[in-house]
Amino acid sequence: MNLARPLCTSAVPALLTVSALVALTACGTSEADSAAGGSKATVTVRIPDPGNSGVLALGKKDGSLDKALSKAGAKVEWTGSAGPFAPAAQAMNADQLDIATGSITAGITSLAQRPGFKFFTAVDPDAAGEGILVRNGSAIDSVADLVGKKVAVNQGGTGEYLLLKALAKAGIPAGKVTRVYLRPDQTAAVFNAGKVDAWAVWATYAVAEIGSGKAHFVADGAAIGSDNYSLNAVRTEFAEQHPKVVKALYQYLHQASAKEKQNPSAYLNVFTDVGPTAVTGRAKAVQNGFTAKGAAVGPIGPEDIERFKAVAAFYAEQKVTRTEVDVAAHLLDVRTLS
């Protein structure tokens with residue numbers, strides 16, 4: 001985004017999911033002296049609306065995120081809604097979004113195309129909250145039982161990775177299982193109707209299914225040996241122009257995510273405890289358990305990079321990507337920003 005002049009963007013065209021970044025409209029801010037007082041204008045950071053739960057949701061409600069960013073001369077503009085990373089990557093590439101959250105798996109497939117972003121934070125893989133979900137009473141008791149079955153996955157993202165990783169660890173050729181490519185927000189109805197035998201999925205969607213008492217993981221992230229980190233990405237040009245803002249956002253996420261682990265309930269149902277966005281009943285306990293076992297947001301270190309490389313190599317080996325993606329070329333060490 002060129003902040004030397006106002007820049008208005010229009011809606012994201014033909015994105016891959018209805019939940020992701022619909023009708024984004026944003027204007028850039030000018031760094032030129034303002035007509036009123038000769039001071040620099042506030043930098044606007046465009047972030048997908050966080051919904052009803054999580055660190056960003058609470059930061060939006062109580063104003064703590066804007067307060068933290070104001071120290072770096074910035075404020076948030078909430079745009080669209082959070083969803084899968086692929087459409088968010090498209091929006092960053094099109095200068096319609098500055099920050100997005102996704103997995104290293106979805107990140108790799110996006111980097112294999114036309115990357116206009118870099119990753120600047122890492123959260124260790126979710127050992128408890130992601131895995132291969134099956135309905136209670138299913139005859140599937142192990143990964144080996146998936147042979148000849150249909151498993152729902154999101155193409156090129158977390159779901160496909162978890163399934164392929166689980167099969168590889170069990171020594172089962174990928175072709176022995178049918179992958180059914182579905183958008184995550186469309187899969188629950190298909191899964192519950194019995195049109196697929198299993199669902200490779202992460203906590204965002206698994207919590208409701210497990211909380212209903214009708215499904216469970218036949219193998220979770222720990223059993224699979226998942227290296228599926230959660231990452232935050234920043235539009236490359238924004239990071240180059242506003243490194244202090246990126247560092248301030250990192251510091252906020254790092255501190256707030258550590259607090260969330262200690263008191264998960266405070267970050268659930270931030271705006272409402274009723275309706276489709278609320279987490280209720282047993283699902284609330286499931287989500288709190290996953291959050292407490294999870295990791296806080298941290299910087300990307302050498303050990304993380306090695307695991308990212310392993311995922312990229314695995315994706316190339318499994319022909320999810322045509323070649324091995326150079327993830328290291330698209331990372332920021334947030335500790336060096338100033």
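User: How much area does the chain expose, and what share of it do carbon and sulfur atoms supply?

Analyst: In this predicted model, the exposed area of the chain is about 14800 Å², and carbon and sulfur atoms supply 52% of it. Buried residues, those under 20% relative accessible area, make up 49% of the 338 residues.

User: Which secondary-structure elements does the chain have?

Analyst: The chain has twelve helices and ten strands. Of the contacts with a separation of 6 or more, 78% are between residues 24 or more positions apart.

User: How should one read the burial pattern of a helix such as α12?

Analyst: An α-helix has 3.6 residues a turn, so residues three or four places apart point the same way. In α12, the buried residues include D304, F308, V311, A312 and Y315. The buried residues of α12 pack against the helices α4 and α5 and the strands β4 and β10. Helix α12 covers residues 302–317 and reaches 23 Å from its first C-alpha to its last, close to the 22 Å expected. K319, which follows α12, has a positive phi, near 65°.

User: In which order do the strands of the open sheet stand, and why is one side of β3 and of β4 left without a neighbour?

Analyst: The order is β3-β10-β4, with antiparallel pairing. Because β3 and β4 stand at the edges, each has a single partner strand, and one side of each lacks a neighbour in the sheet. The twist averages 30° from one strand to the next.

User: How many bridges join β3 to β10, and what lies across the strands?

Analyst: Five bridges join β3 to β10, and S103 stands opposite S230 in β10. Helix α3 (residues 85–93) lies across β3, β4 and β10, running at about 145° to β3.

Terms used:
Residues are numbered from 1 along each chain as its sequence is written. This is a predicted model: local features need pLDDT of at least 70, side-chain atom pairs count only at pLDDT 80 or more; totals for chains, interfaces and linings use all residues. Side-chain values use heavy atoms; hydrogens and water are left out. Helices (H or I, at least four residues) and strands (E, at least two) are DSSP runs, numbered from the N terminus. The expected span of a helix is 1.5 Å times one less than its number of residues. Buried means under 20% relative accessible area, exposed over 50%, partly exposed in between (1.4 Å probe, protein chains only). Contact means heavy atoms within 4.5 Å. Accessible areas come from the Shrake-Rupley method with a 1.4 Å probe; for residues, only the protein chains shown count as cover. Two strands pair if DSSP finds at least two bridges between them. Axes are lines fitted to C-alpha atoms, for helices over the stretch in contact, and angles run from 0 to 180 degrees between N-to-C directions.
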